[in-house]
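Colleague: Before I plan anything at the bench, I would like a close look at one side chain and its partner. Please start there and then follow the links outward, giving the cut-off for each term as you use it.

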Amino acid sequence: MKLIKHSLSFSFATLLSRVLGYVRDALIAYHFGVSQITDAFFVAFRLPNTFRRLFGEGGFNAAFVPIYAKQVKEGKEREFLRSALGYYLLVNLSVVLLGVLFAEYLISIIAPGLRAKPYFDLAVFMGRWVFIYLLFVGLSAFFMALLNTRGVFFVPAFAQAIFNIGFSLVIALFAQGFGYYALIGGVLVGGFLQFAFHLPFLRGISLGFSLRLHPDVKLLFKRLIPALMGFGVAQLSFFIDTFLASFLALGAISYLYYANRIFQLPLGAISVGVANSLLSTLSLGEDRSKNITLAMRFLFLLSFPAVVGLLVFSEQIVRLLYGRGNFSEADVLMVSYVLKAYSLGLVFFSLQKALSSVFFAKGDTLTPMKASLLAILSEGTSALIYAFVLKLGAVGLALGTATSSIFSFGYLLRKTYQLVDWKTLMESSVKVALASLLMGLFGLFLKDKIHLLLAIPMCIILYFSLLVLFREGLLLAFLNLGKGFVKKLLNP
């Protein structure tokens, strides 16, 4: 159950961060709506965000954690850590410098349709400034890997919440007077605060940097290249959306961003926490079959009802989060349609992240890369068909993303099929699916009768009550764990 405890800690902090992220996005929607400024900013911000995923929850973490965990177990981590940090800083600074210098060309590559639009120069200007954010978030990602390996998951996950708080304050205080400059300032201030938040929690870890090449840093580079390629291929998913959306009408890029931000709440809060915890657990040599099956049961228990909830309540959720100020009713409807399309891939994306950790834990970074490449090929093909042949626009691009998740999950599952306890998993999944569908019917009955903030908790209570009624083993284990915790509090 250590895996689940770590996952819950990470997921709770991520959930807080996502909620604060919605405050940030609601402020952007209120002040700027769906406009040339938002399309330009979301394209510009995509550049450092992509590298953040590579250096953070992506390739670096996957390659670094198993090696560092081994060094910690042997008590030899000091020199390795100094060397790793030295080269990490060198690469990070180089990427930032290149990003600032070549922002115009990078934006032309990821969103070529913008060159013919009047806000291309604005996107380039914003891109040059917000790329500096990568310097701060890159160091935050390094610190996250250190803390995760040592069993600390809440702090690095909550650091993203600090970014959102800083960003939101800048928007709230300065957007009215300084316009889009507040967006740039929010990114930089938030990034610095996120970096600084980690520092008090690193006491006891001998930090320093050196450019002396440690032997295991060579191994890190050897594993990092295919890991970065694997996660880089995965990030092409976001670029495909942006690339194709740049040829659609004004607002398509913003619709995708606002919908994806909501979609990332269950995806980030559920799957990233489990994937990081599973990576650390398996890297330390714990039972593979037991932990993989446990992770898949836990993910399905949380992600399937989330899909049902998003399909039922998407319009109400978007209206609650964004429907004010310069964000029109037409914008609410479009974003809700895109959100429904994204939600169809949630279960597969969640399971794919967990299965990728199985390979990363044993140093295999090539297999997840192949899965990501397969996903990209399927997404590019399906998104073109949905968006341009079937004329579904931004909704078609989101459907293409959802379709790709099936291919990547299927490829990884084929490689890990024998490690899963299928009898236990299927028994749990049938109960979860039935409870979720009944919850969805209840949600349809409630959605036009009571406020969303009442309807969602009522659906959640019904869902978990049904699981208890169905005697779902994993939930019963959680309840027993909770009872034990309460008893300890009452009888210390």
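Modeller: Let us begin with Arg319, which counts as partly exposed because its relative accessible area is 29%, where buried means under 20%, exposed means over 50% and partly exposed lies in between, using a 1.4 Å probe and protein chains only. This is a predicted model, in which local features need a pLDDT of at least 70 and side-chain atom pairs count only at pLDDT 80 or more, while totals for chains, interfaces and linings use all residues. Residues are numbered from 1 along each chain as its sequence is written, and side-chain values rest on heavy atoms, with hydrogens and water left out.

The partner of Arg319 is Glu315, and their side chains meet in a salt bridge with an N to O distance of 2.9 Å; the term requires a side-chain nitrogen of Lys or Arg within 4 Å of a carboxyl oxygen of Asp or Glu. Glu315 is likewise partly exposed, at 29% relative accessibility. Both residues lie in helix H12, 4 residues apart, or about one turn of the helix. Helices here are DSSP runs of H or I with at least four residues, strands are runs of E with at least two, and both are numbered from the N terminus.

The structure holds 7 salt bridges, and another of these joins the side chains of Glu427 and Lys423 at 2.8 Å, N to O. This pair, too, sits within one helix, H17 (residues 422–446), with 4 residues, about one turn, between its members. Glu427 is partly exposed at 42% relative accessibility, whereas Lys423 counts as exposed at 59%. Elsewhere, salt bridges that share partners tie Arg24, Asp25 and Arg261 into one network. Within that network, the closest N and O atoms of Arg261 and Asp25 are 2.6 Å apart, and the pair links distant parts of the chain, since Arg261 belongs to helix H11 (residues 252–283) and Asp25 to helix H1 (residues 2–32), 236 residues apart. Arg261 and Asp25 are both buried.

Asp25 also leads to the interior, as it is among the residues touched by Tyr258; leaving out residues up to four places away in sequence, the others include Ile28, Val34, Phe42, Tyr322 and Phe327. Touching, or contact, means heavy atoms within 4.5 Å. Tyr258 is in turn one of the residues with the most contacts inside the largest nonpolar core, which has 114 residues; Phe41, Ile262, Met296, Tyr322 and Phe327 are also in that group. The helix that gives the most to this core is H12 (residues 288–322), with 18 residues, and H12 is the helix that carries Arg319 and Glu315. A second core of 28 residues lies apart, with Phe60, Ala63, Leu81 and Leu146 among its members. A nonpolar core is a set of buried Ala, Val, Leu, Ile, Met, Phe, Trp, Tyr and Cys residues joined through side-chain atoms within 4.5 Å.

On the surface, Phe125, Trp129, Ile165, Leu169, Leu173, Phe174, Phe178 and Tyr181 form a nonpolar patch with about 830 Å² of accessible area together. The elements giving two or more residues to the nonpolar patch are helix H6 (120–130) and helix H8 (154–178), and H8 gives the most, with 5 residues. Patches take residues with over 30% relative accessible area and no salt bridge, joining like charges within 9 Å and nonpolar side chains (Val, Leu, Ile, Met, Phe, Trp, Tyr) within 5 Å. Accessible areas come from the Shrake-Rupley method with a 1.4 Å probe, and for residues only the protein chains shown count as cover. Phe174, which lies in H8, is partly exposed at 40%.

For the setting as a whole, the secondary structure comes to 19 helices and 0 strands, and 58% of the 492 residues count as buried. Among contacts between residues at least 6 apart in sequence, 85% join residues at least 24 apart, and the pair of Arg261 and Asp25, 236 residues apart, is one link between distant parts of the chain.
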